[in-house]
Amino acid sequence: MKYVRKELQELDLLNNFLFGSVLTHPVYGPRLGRILLEKMLQRKVGELTVTPQKIMYGNDTNLHGICLDVQLEEALDGITVYDIETERDSRLKSVKALPRRARFYHAKMTSRGLKAGAKYGALINEIIIFITPFYPFGLKRMLYTVKNGCVEEPEMPYEDGALTLFFYTKGTVGIPSEEIRQLLTYMEDSSEENVTSEFLEEIHGMVEHVKHDEEVSVKYMRLWREAEEIREEALEEGRSQGIQAFVLDSIEENVSKERIIAKLVKIFALSVDEAEVYYNKYSV
């Protein structure tokens with residue numbers, strides 16, 4: 001399968017690369033982070049520190065780590081750490097796993113948020129935000145606010161400092177505000193036509209500046225080439241495994257060497273010499 005590369009100018013803010021590039025820009029990053037958080041949380045946000053793509057490894061080599069798209073840290077009435085994830089993977093398995101993914105992200109962030117000997121009350125607050133262009137839970141709500149609580153006493157205060165927000169860009173139910181609706185529409189389609197307010201005009205200016213940044217363009221091309229090489233290697237590995245399985249199965253069925261080579265040429269579009277090399281490699 002050949003993937004079609006989008007030009008940098010065609011990307012929108014739901015694209016991980018563009019989103020990360022703008023949010024970690026030394027000039028625009030903190031400002032964009034403040035706008036996003038203040039609109040989504042509908043409150044003022046304190047001074048922000050932006051950390052680009054943060055990798056948290058497992059405690060052992062056989063344990064899963066995580067790669068946070070962009071992490072923001074706010075120092076206001078105690079430290080609050082925000083992780084913003086733009087998510088386009090709408091495959092059923094990935095969508096169903098979103099709650100468990102959020103749980104794992106919280107666990108990894110929590111494990112790094114308390115120094116040895118510190119009291120549990122000093123644990124940082126964590127807010128993870130997912131922004132998706134697909135139904136995250138099969139419903140039409142624009143915002144899903146998820147936090148721990150007591151099943152028997154849902155009104156009982158239970159503040160553990162962890163909060164997860166899921167924003168659905170096309171949501172039509174429970175729209176928190178017109179500004180959030182406009183913001184999500186722009187993030188899914190970051191074109192001038194969707195610049196419908198002053199704050200979006202400011203964001204659009206940041207996005208356009210980053211899209212025309214030569215360093216960002218070079219980095220995008222390099223990442224695409226690396227991704228393409230990985231895809232090609234994976235396809236070649238899969239093809240080789242298919243050829244190996246075909247050769248071994250054919251030998252087991254007592255198919256002659258000449259017949260196997262002829263089938264390899266026809267089925268896998270190989271030359272006779274290539275087919276013979278594969279046969280000799282896998283028939284040993």
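In this predicted model, a charged side chain meets an aromatic ring where K39 lies over the face of F199, with 4.6 Å separating it from the ring centre. K39 belongs to helix α2, which spans residues 29-41. Despite its charge-over-ring role, K39 is not left out in the open: its relative accessible area is 19%, and because the cut-off for buried is under 20%, K39 counts as buried. A useful reference distance runs from K39 to F137, a residue 98 positions away in sequence; their C-alpha atoms are 23 Å apart in space.

F137 leads on to the aromatic side chains. A pair of aromatic rings is described by the distance of the centres and the angle of the planes. Searching the whole structure gives 8 aromatic pairs. One of them joins F17 and Y220, whose ring centres are 5.1 Å apart. Their planes meet at 40 degrees, and the pair is therefore tilted, since stacked pairs need planes under 30 degrees apart and edge-to-face pairs need over 60. This contact links distant parts of the chain, as F17 sits in helix α1 (residues 16-23) and Y220 in helix α7 (residues 214-252), with their positions 203 residues apart in sequence. Both F17 and Y220 are buried.

The pair formed by F246 and F268 has another geometry. Here the ring centres lie 6.1 Å apart and the planes stand at 70 degrees, so the pair is edge-to-face. F246 is again a residue of helix α7, while F268 lies in helix α8 (residues 257-268), so the pair ties together parts that are 22 residues apart in sequence. F246 is buried, and F268 is buried too. Elsewhere, Y105, F130, F137, Y144 and F166 come together as one aromatic cluster, and F137 is thus met again, 23 Å from K39 by C-alpha atoms.

Helix α1, home of F17, deserves a closer look. This helix is mostly covered, with 7 of its 8 residues buried. The buried set runs through F17, L18, F19, G20, S21, V22 and L23. At the N-terminal end of α1, N15 acts as a cap: one of its side-chain oxygens is placed 2.9 Å from the backbone nitrogen of F17. F17 therefore takes part both in the tilted ring pair with Y220 and, through its backbone nitrogen, in the contact with N15.

Helix α8, which carries F268, also packs against another helix. Two packed helices are described by the angle between their axes and the distance between the axes. For α8 and helix α9 (residues 272-282), the axes come within 9 Å and cross at roughly 125 degrees. That angle makes α8 oblique to α9. The crossing in which α8 passes α9 is right-handed.

Two loop residues complete the picture. Q42 is not a glycine, yet its phi is positive, at about 55 degrees. Q42 is placed in the loop between α2 and β1 (48-56), and its relative accessible area of 48% makes Q42 partly exposed. N254 likewise has a positive phi without being a glycine, with a value of about 65 degrees. The loop that holds N254 runs between α7 and α8, the two helices that also contribute F246 and F268 to the edge-to-face pair. With a relative accessible area of 71%, N254 is exposed, whereas F246 and F268 are both buried.

Notes: Residues numbered from 1 in each chain as written. Predicted model: local features only at pLDDT ≥ 70, side-chain atom pairs only at ≥ 80, totals over all residues. Heavy atoms only, no water. Phe/Tyr/Trp six-rings, centres within 6.5 Å; stacked < 30°, edge-to-face > 60°. Helix = DSSP H or I, 4+ residues; strand = E, 2+ residues; numbered from the N terminus. Buried < 20%, exposed > 50% of the residue type's maximum accessible area, 1.4 Å probe, protein only. Lys NZ or Arg CZ within 6 Å of the ring centre and 35° of its normal. Polar contact = N/O pair within 3.5 Å; in protein donor to acceptor, adjacent residues only side chain to side chain. Axes fitted to C-alpha atoms, helices over the stretch in contact; angles between N-to-C directions. Parallel < 35°, antiparallel > 145°, perpendicular 65-115°, else oblique. Left-handed = near helix turned anticlockwise from the far one by under 90°.
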